[in-house]
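I opened this model to look up its enclosed space, two residues in its strands, and the confidence of the prediction. My entries follow in that order.

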Amino acid sequence: MTGPKTSVDRLGRLLNLVPYLLARPGILVAEAAADQGVSEKQLREDLELLWVCGLPGYGPGDLIDMALDGDRVTISHDAGIDRPLRLNPDEALALVVALRMLAETPGTGTRDVIERALAKIENAAGDLADAPVAVKLPANAEKLDRVRAAVEGGHALHITYYTAARDETTDRVIDPMRVVMVDGRAYLEAWCRRAEGTRMFRVDRIDAFTPLDELSAPPSEAVPQDVTDGVFRPTPDLPLVTLRIGRHSRWVTEYYPVEEVRRDGPGEEWVVTMRVTDLGWAQRLLLGLGPDVTVIGPPELLDRIRAQAAAALDQYASPAG
C-alpha cells in the first residue's frame, strides 16, 4: 500500500486533486485513489479536508463543494482552484533560493523535509535550477559551532556584543545557559552580569568572545525563556509608540509585534500601536520608512525625529568644504 510521507506530499496532492476531479465528474473513489497513489481511506480523508478549504471569507459560496454519492465523487464548486499549481520562472527561482537558504541555516530540525521539497522543485524547474545562485552561510555556521563549543565547555564568557536597539557595542561577562534557534536565528541565552538579568544574545551580533577560567554559574533566578512566540516579549513598562501608516508600510504589522491596528477613516491608512525596547531603535526604524509613516506619539519620539531631521537639513544647507 502506498501513502503520503509528509505534509508536503499531501499539500501537493490536494492542490492537484481539485482540477483532477473537475476533469473526471462522477469518478469512482477507488479509481481516483489508484491514480493518486494513495489508499481509498486516505483519499476520503483528503476529500473531507477539501470540503472545508476555499477562499478567504470561508462562507458557503467560498468553500470547495462536492457531491459524494456512494463510491463516486463530483466537484460542484472549485473555489478558484481549477488548475494545478504552476510557478512562473521568477516564482520558482525565488522558492529555490529560499529553500536553499533554509537548508543552510544551522540548527534547522526539518532539514530532510526541506531537501526533499527542494529536490522536487529543482526537478520541476529544469534548467532554471542551474541558475548561478548559491546560498552559503559559512561564517555564521562557523561562529555558531564555536559558540556552542564554548557553552558546552561550561565556563563564563567575556563577549563583545552589538546591541541594535541602541546602536552600540558593549563588553559583558555572561554565564551561558543554552543556544536556541528562533525564527531561523541562533541565540545564546545567558545570565548577563552587567544587566543582572537573563538575556538573549544573537550569535551573529557577538563580535568576539573569550572563555574565562571561572565556571558558568547562573543564579537561581536565571530561568530559560519560553521562545515559542518569539524572543521579544512586549511588557507594559516598555515605551508605547503610535503610528499612522500607509498601505506600502503595512508590512510593519506583520514583521513586528503590535498591540492594536485600526483603520484611520475611510482611506487606506492604519493607526498602529506597538511596544518597543528603546526609542532610539524606533527612531532609526521610522526615519528609514519615510513619508509613508507618521508618528503620533509619544512626544519624546516626535522630538527626537524632528531634531534629527533638522540636523540633516542643516547639513544640506551648509556649503561644501
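Before sorting any lining, I noted the classes: Ala, Val, Leu, Ile, Met, Phe, Trp, Tyr, Cys and Pro count as nonpolar, Asp, Glu, Lys and Arg as charged, and the others, Gly among them, as polar.

I kept in mind that this is a predicted model, in which local features need pLDDT of at least 70 and side-chain atom pairs count only at pLDDT 80 or more, while totals for chains, interfaces and linings use all residues. Residues are numbered from 1 along each chain as its sequence is written, and side-chain values use heavy atoms, with hydrogens and water left out.

Entry on the cavity. I searched for cavities (sets of points on a 1 Å grid over the protein atoms alone where a 1.4 Å probe fits but cannot get out, with lining residues having an atom within 4 Å of a point). Grid points are joined across faces, edges and corners, and a volume is the space filled by probe spheres set on the points. I found one cavity of 30 Å³ or more, and the largest has a volume of about 30 Å³. Its lining consists of Val241, Leu243, Met274, Val276, Trp281, Ala282, Leu285 and Leu286, which divide into eight nonpolar, no polar and no charged residues. Strand E9 (240-245) and helix H8 (279-289) each supply at least two of the lining residues, and H8 gives the most, with four; helices (H or I, at least four residues) and strands (E, at least two) are DSSP runs, numbered from the N terminus.

Entry on Thr273. I placed Thr273 in strand E11 (residues 270-275) and found this residue buried, at 10% relative accessible area; buried means under 20%, exposed over 50% and partly exposed in between, with a 1.4 Å probe and protein chains only. Beyond four places in sequence, Thr273 has contacts with Leu240, Val241, Thr242, Val258, Glu259 and Glu260, where contact means heavy atoms within 4.5 Å.

Entry on Arg178. Arg178 belongs to strand E5 (residues 168-182) and is partly exposed, with a relative accessible area of 26%. I recorded a polar contact of 2.5 Å between the side chains of Arg178 and Glu189, the term standing for a pair of N or O atoms within 3.5 Å, of which, within protein, one must be able to donate a hydrogen and the other to accept it, while residues adjacent in sequence count only if both atoms are side-chain atoms.

Entry on confidence. I read a mean pLDDT of 76 for the chain, with 73% of its residues reaching 70 or more; pLDDT is the predictor's confidence in each residue, from 0 to 100.

Notes
On a 1 Å grid over the protein atoms alone, a cavity is a set of points where a 1.4 Å probe fits but cannot get out, and a pocket is an open set with protein on both sides within 12 Å along at least five of seven lines; lining residues have an atom within 4 Å of a point.
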